[in-house]
Amino acid sequence: MKRPHLKLSVMMFIEWFIWGAWFVPLWQYLNKLGFTPGEIAWSYSSTAIAAILSPVLVGVIADRYFAAQKVLGWLHLAGGVLMFIIAWQTTFATFFPLLVIYAITYMPTVALTNSIAFANITDTEKEFPRIRVLGTLGWIASGLVVGFMLPPLLGLGNISDSNLPLIITGVASIVLGLYSFVLPNTPAKGSGPVDIKALLGLNALGLLKDRSFATFALCSFLFCMPLAFYYQFANGYLTQVGLPNATGWMTLGQVSEIFAMLALPLLLKRYGIKKVLLLGFVTAAIRYVFFIYGGTADVWAYSMLFLGILLHGVSYDFYFVTGYIYVDKKAPPHMRTAAQGLITLICQGLGSFIGNWLGGRAMTTFALDQPRDGMTFDWFAVWGVGAVMVVGVMLLFLLFFRERSDNITPIDVARS
């Protein structure tokens with residue numbers, strides 16, 4: 001592996017380790033603290049709120065004023081300090097505001113790491129999946145550390161319902177913050193006078209004049225709503241249905257991501273971006289169908305649980321990683337970080353926020369009056385609604401996305 005590629009791969013590994021370490025087990029921890037379903041839903045919405053407030057602005061700063069790797073470093077150092085403070089908060093009134101502030105430091109780094117990688121490779125379709133796959137390994141590592149490795153080392157049965165995942169996140173954030181300053185230099189490429197439109201990243205909205213890009217953005221926004229159901233409910237669902245060490249087993253979704261990521265260059269070359277994006281929708285819908293019929297009553301039901309987890313990783317790669325590549329191809333060079341930030345705002349921001357809000361409503365609507373077989377929610381209804389939403393978005397994508405993979409050219413958006 002080339003030296004710059006190795007550095008970028010390590011960056012991706014720690015970046016996604018950080019998110020997985022606290023985000024996956026959060027439901028168990030907050031439930032143990034006595035947070036209400038609505039408070040848990042709001043806590044999961046912290047990343048969405050942050051994605052709305054910060055990525056486009058930070059993207060413009062990185063595009064125009066400062067080297068992207070330096071912005072990345074300072075954001076992670078600040079985030080690490082904040083997470084250490086959050087780890088000792090036990091009430092919603094103090095936990096949630098601090099978590100939102102932490103998320104404001106983290107969410108822009110998703111777009112920044114993509115932009116740093118794209119700026120330092122030559123063949124995006126071939127090289128980016130190989131670098132990004134280390135992010136998948138990082139998420140897997142976080143689940144293995146929290147779900148399987150640390151509990152026996154510490155003599156504990158379960159640490160997912162403690163503040164240890166938050167402490168681990170803080171340590172990893174500091175590590176990546178320091179490491180960022182040795183990443184390949186990725187200087188700002190933007191120029192021109194400063195104005196409010198450019199400062200707020202509104203110039204990136206000019207990308208939406210392209211019909212296929214606008215369709216992709218809209219479908220990504222809508223797709224993130226049912227996707228939020230998985231992130232918010234899967235750990236709790238698998239735990240209630242009787243799967244032990246759910247946090248650890250959920251890393252199988254990232255194991256499948258590895259194989260999907262490695263296959264991505266071949267699939268993109270053979271079938272094109274549109275068909276691979278479509279596969280992301282199809283596998284997401286099937287995932288929820290498997291959860292509907294999953295359980296621990298017999299081998300068949302057990303297999304449904306694991307197949308659902310595995311398909312999550314496949315779906316994520318086929319849609320979102322392919323989407324990152326598509327955005328990099330469609331955005332002009334001077335606007336690529338802001339474009340990645342715009343999609344982060346649309347997906348992890350607006351889409352996830354509404355998805356988490358819908359998830360909170362679902363937790364209330366589908367809550368059982370009395371627990372049944374250890375379950376407190378009508379999970380059949382929860383996953384059924386998610387599957388129907390995915391199919392609806394897929395049909396919209398099929399009707400209006402007309403991109404030709406052999407002729408993807410940057411959108412003409414003027415500098416400012």
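Start at Asn163, which touches Tyr29, Ala87 and Trp88 once its neighbours within four places in sequence are set aside. You will find Asn163 in the loop between helix α8 (124-154) and helix α9. Is Asn163 buried or exposed? Asn163 counts as buried, because its relative accessibility is 15% and the cut-off for burial is under 20%. Please keep in mind as you look around that this is a predicted model.

How confident is the predictor, then? The mean pLDDT of the chain is 84, and 89% of the residues reach 70 or more. Helix α9 (residues 164-179), which you have just met, has the highest mean pLDDT among the elements of the chain, at 95. At the other end of the scale, helix α10 (residues 196-199) has the lowest mean, at 55.

Now step back and take in the whole chain. There are 17 helices and two strands in it. Of its 416 residues, 59% count as buried. The chain exposes about 16300 Å², and carbon and sulfur atoms supply 68% of that area. Try following the contacts between residues at least 6 apart in sequence: 85% of them join residues at least 24 apart.

Let us look inside next. The largest nonpolar core has 126 residues. Which residues have the most contacts inside this core? They are Trp19, Trp22, Phe95, Tyr102, Phe128 and Trp383. Helix α11 (residues 211-241) gives the most to this core, with 16 residues. Pick out Tyr102 from that group and look at its surroundings. Leaving out residues up to four places away in sequence, Tyr102 touches Ile18, Trp22, Gly79, Leu82, Met83, Ile86, Thr169 and Ser173. Notice Trp22 in that list, since Trp22 is also named among the residues with the most contacts inside the core.

Another residue worth a visit is Phe96, in helix α7 (residues 92-119). Phe96 is buried, because its relative accessible area is 15% and burial means under 20%. Not counting residues up to four places away in sequence, Phe96 touches Trp42, Ser43 and Ile49. Take the partner Trp42 as an example: Phe96 and Trp42 are 54 residues apart along the chain, and their C-alpha atoms are separated by 7.7 Å.

Let us move on to the charged side chains. How many salt bridges are there? The count comes to two. In one of them, the side chains of Asp210 and Lys330 meet at 3.4 Å, N to O. Asp210 lies in the loop between α10 and α11 while Lys330 lies in helix α15 (residues 299-330), so this pair ties together parts that are 120 residues apart in sequence. In the other, the side chains of Glu403 and Lys330 meet at 3.3 Å, N to O. This pair also links distant parts of the chain, with Glu403 in the segment after α17 (379-400) and Lys330 in helix α15, 73 residues apart. Lys330 takes part in both pairs, and Asp210, Lys330 and Glu403 are linked in a network of salt bridges.

How covered are these three residues? Lys330 is buried, with a relative accessible area of 3%. Glu403 is buried as well, at 13%. Asp210 is partly exposed, with a relative accessible area of 22%; this label applies because burial requires under 20% and exposure requires over 50%.

Stay at this end of the chain for Leu398, which is found in helix α17. Leu398 counts as partly exposed, at 35% relative accessibility. Setting aside neighbours within four places in sequence, Leu398 is in contact with Lys274 and Leu278. Leu398 and Lys275 are 123 residues apart in sequence, and 9.7 Å apart in space from C-alpha to C-alpha.

Finish the tour on the surface. Which residues make the nonpolar patch of about 230 Å²? Phe84, Val171 and Val175 do. Phe84 lies in helix α6 (residues 68-86). With a relative accessible area of 33%, Phe84 is partly exposed. Phe84 can belong to a patch because its 33% is over the 30% that patch residues need.

Technical notes:
Residues are numbered from 1 along each chain as its sequence is written. This is a predicted model: local features need pLDDT of at least 70, side-chain atom pairs count only at pLDDT 80 or more; totals for chains, interfaces and linings use all residues. Side-chain values use heavy atoms; hydrogens and water are left out. Patches are made of residues with over 30% relative accessible area and no salt bridge: like charges are joined within 9 Å, nonpolar side chains (Val, Leu, Ile, Met, Phe, Trp, Tyr) within 5 Å. Accessible areas come from the Shrake-Rupley method with a 1.4 Å probe; for residues, only the protein chains shown count as cover. A salt bridge is a side-chain nitrogen of Lys or Arg within 4 Å of a carboxyl oxygen of Asp or Glu. Helices (H or I, at least four residues) and strands (E, at least two) are DSSP runs, numbered from the N terminus. Buried means under 20% relative accessible area, exposed over 50%, partly exposed in between (1.4 Å probe, protein chains only). A nonpolar core is a set of buried Ala, Val, Leu, Ile, Met, Phe, Trp, Tyr and Cys residues joined through side-chain atoms within 4.5 Å. Contact means heavy atoms within 4.5 Å. pLDDT is the predictor's confidence in each residue, from 0 to 100.
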